[in-house]
Amino acid sequence: MLNPERFLADLHHLRSFGASGVGKGVVRPAYSDADVAARTWLAGRMRDAGLRVACDEMGNLFGLADGPSLLLGSHSDSQPEGGWLDGALGVISALEVARAAKESGGPPVSVVSFQDEEGRFGVTTGSAVWSGQLSLADADGLQDHSGMPLAEARGAMRHLVTGPVDSAQFRGFIEMHIEQGPALDTAGEQIGVVTDIVGIRDMNITFTGQQNHAGTTPMHLRQDAFQAVSAFNTTLNYRFRNVVTPQTVWTIGHISLHPNASSIVPGRAVFSMQWRDADQDRLARMEEIIRDTAQATAGDLGMQVSFGRLLGLDPVAMDSTLRGALEQAAGTVAPDRWRRMPSGALHDATNVSRLMPVAMLFVPSIGGISHAFEEDTAEVDLVAGLRVLDAAVRNSAGGTRG
């Protein structure tokens, strides 16, 4: 039988791995000591629930039911400064539903915690490799911002690795997650049933100018790489105005200047450019504008520009059968307090959709805050989400694999 107290206790215990000391925040990046310790603990909880533990070479951790099953879960790694629920909620709710199903003779449920969803090395790296979106060899060549290759980092998981996990044993995947936005909280609603997940594109851009003395180089003679980034950003916002929608977003989230010294005009700027939208054609049009704008900016300022590898995932619509099971459950658990909504954030379900039907549900994020230590959700809403997930599993029992 579903046990909300046990669910909340496990959720709070998972927070202890990498606890930041600030509120409920956690610092648990993929393959860090805290992440590995958390996964080792999760493996024990999966065994206690009567599930068979399996872990592939990427560190994707599974608790497997006997025979064909529905797969539930998310990820348990965090942003460098993350919240306690992002990903963790989906893993622990999956564990509780699987445990309750096992205890009550319900439909078989398996659990997963995917590795590096938060992108220390790429974009949802663990599920990308598991789904065949990215080869392990290519993943091993990825590096984090410090220059550490993934091939080296994943050695920390070696003691848990059992081998490949076949996706054919799963008839579908449901991921429960916090919304990471303000819609549900602002409306006073408890549940969001996801209709589709936006697509994402991500690449690095480099402007190369001329490093020079910050005191003696006249402004009109400078080839300042940071000024190129600033000009590019201003022009890009203007050029996007007739292309994007209110739901489209784009971000320069990471920038590195060389030589990064206060008395030197920076000669090189490397920055991340990320954009998201639910329309694949719009994503492609935005890429064209980004490249054209960067090249025009470099030309105007007498600099060079280069582009890194384009990463990303296409928009994904949720499976109608699994989504219908979630809607039915939401109508029972939270009548008049749920909605259908898109996901503006990327999730492992995007990659898993290459292998099987997928669906997602959201619970509110207080103040719309996520990817921060302040991230939180009222426990009554956490439990409501758990009940919806559990009911949806029972509603979808006997559903077919797409």
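These legends go with a set of close-up views of a predicted model.

**View 1. The largest nonpolar core and the residues at its heart of contacts.**
This core has 70 residues, and F7, L11, L72, L89, I174 and L382 touch the most other members. Helix α3, residues 88–104, chips in the largest share, with 10 residues. Take L11 as a way in: leaving aside residues up to four places away in sequence, L11 touches W84, L85, A88, L89, I92 and L382. There's also a second, separate core of 22 residues, and A54, F173, L184 and V194 are among them. As background, nonpolar side chains in soluble globular proteins tend to be buried together.

**View 2. Helix α1 and what its buried residues pack against.**
Helix α1 has 12 residues and runs 17 Å from its first C-alpha to its last, close to the 16 Å expected at 1.5 Å a residue. Its buried residues are P4, R6, F7, L8, D10, L11 and L14, so look for a charged residue or two alongside the nonpolar ones, including R6 and D10. The partners of these buried α1 residues are α2, α3 and α12, the last spanning 379–395.

**View 3. Helix α2 and its neighbours.**
With 16 residues (33–48), α2 reaches 23 Å from first C-alpha to last, close to the expected 22 Å. The buried set here is A34, D35, V36, A38, R39, W41, L42, A43 and M46. Those residues pack against two helices, α1 and α3, and three strands, β1 (52–55), β2 (61–64) and β4 (109–114). After α2 comes G50, with a positive phi near 85 degrees.

**View 4. Where α1 meets α2.**
Two packed helices are described by the angle between their axes and the distance between the axes. For α1 and α2, the angle is about 155 degrees and the axes sit 10 Å apart. That's why α1 counts as roughly antiparallel to α2. On the α1 side the contact is made by D10, H13 and L14, and on the α2 side by A38, W41 and R45. The crossing of α1 past α2 is right-handed.

**View 5. Where α1 meets α3.**
Here the axes come within 9 Å and cross at roughly 145 degrees. This crossing, α1 past α3, is right-handed. From α1, the residues involved are R6, F7, D10, L11 and L14. They meet A88, L89, I92, S93, L95, E96, R99, A100 and E103 of α3.

**View 6. Backbone oddities in three loops.**
Most residues other than glycine have a negative phi, and most peptide bonds are trans. Y31, in the loop between α1 and α2, isn't a glycine but has a positive phi of about 70 degrees. Y31 counts as buried because its relative accessibility is 5%. T124 is another non-glycine with a positive phi, near 40 degrees, and T124 lies in the loop between β4 and α4 (125–130). At 2% relative accessibility, T124 counts as buried too. The third loop joins β10 (255–258) and β11 (264–265) and holds P259. The peptide bond from H258 to P259 is cis, with omega near 5 degrees.

**View 7. R171, a buried arginine in strand β5.**
R171 belongs to β5, which covers residues 170–178. Its relative accessibility is 16%, so R171 counts as buried. From R171 to V243 is 72 residues along the chain, and their C-alpha atoms are 39 Å apart.

Technical notes
Residues are numbered from 1 along each chain as its sequence is written. This is a predicted model: local features need pLDDT of at least 70, side-chain atom pairs count only at pLDDT 80 or more; totals for chains, interfaces and linings use all residues. Side-chain values use heavy atoms; hydrogens and water are left out. A nonpolar core is a set of buried Ala, Val, Leu, Ile, Met, Phe, Trp, Tyr and Cys residues joined through side-chain atoms within 4.5 Å. Buried means under 20% relative accessible area, exposed over 50%, partly exposed in between (1.4 Å probe, protein chains only). Helices (H or I, at least four residues) and strands (E, at least two) are DSSP runs, numbered from the N terminus. Contact means heavy atoms within 4.5 Å. The expected span of a helix is 1.5 Å times one less than its number of residues. Axes are lines fitted to C-alpha atoms, for helices over the stretch in contact, and angles run from 0 to 180 degrees between N-to-C directions. Angles under 35 degrees count as roughly parallel, over 145 as roughly antiparallel, 65 to 115 as roughly perpendicular and the rest as oblique. A crossing is left-handed if the near helix is turned anticlockwise from the far one by less than a right angle, and right-handed if clockwise.
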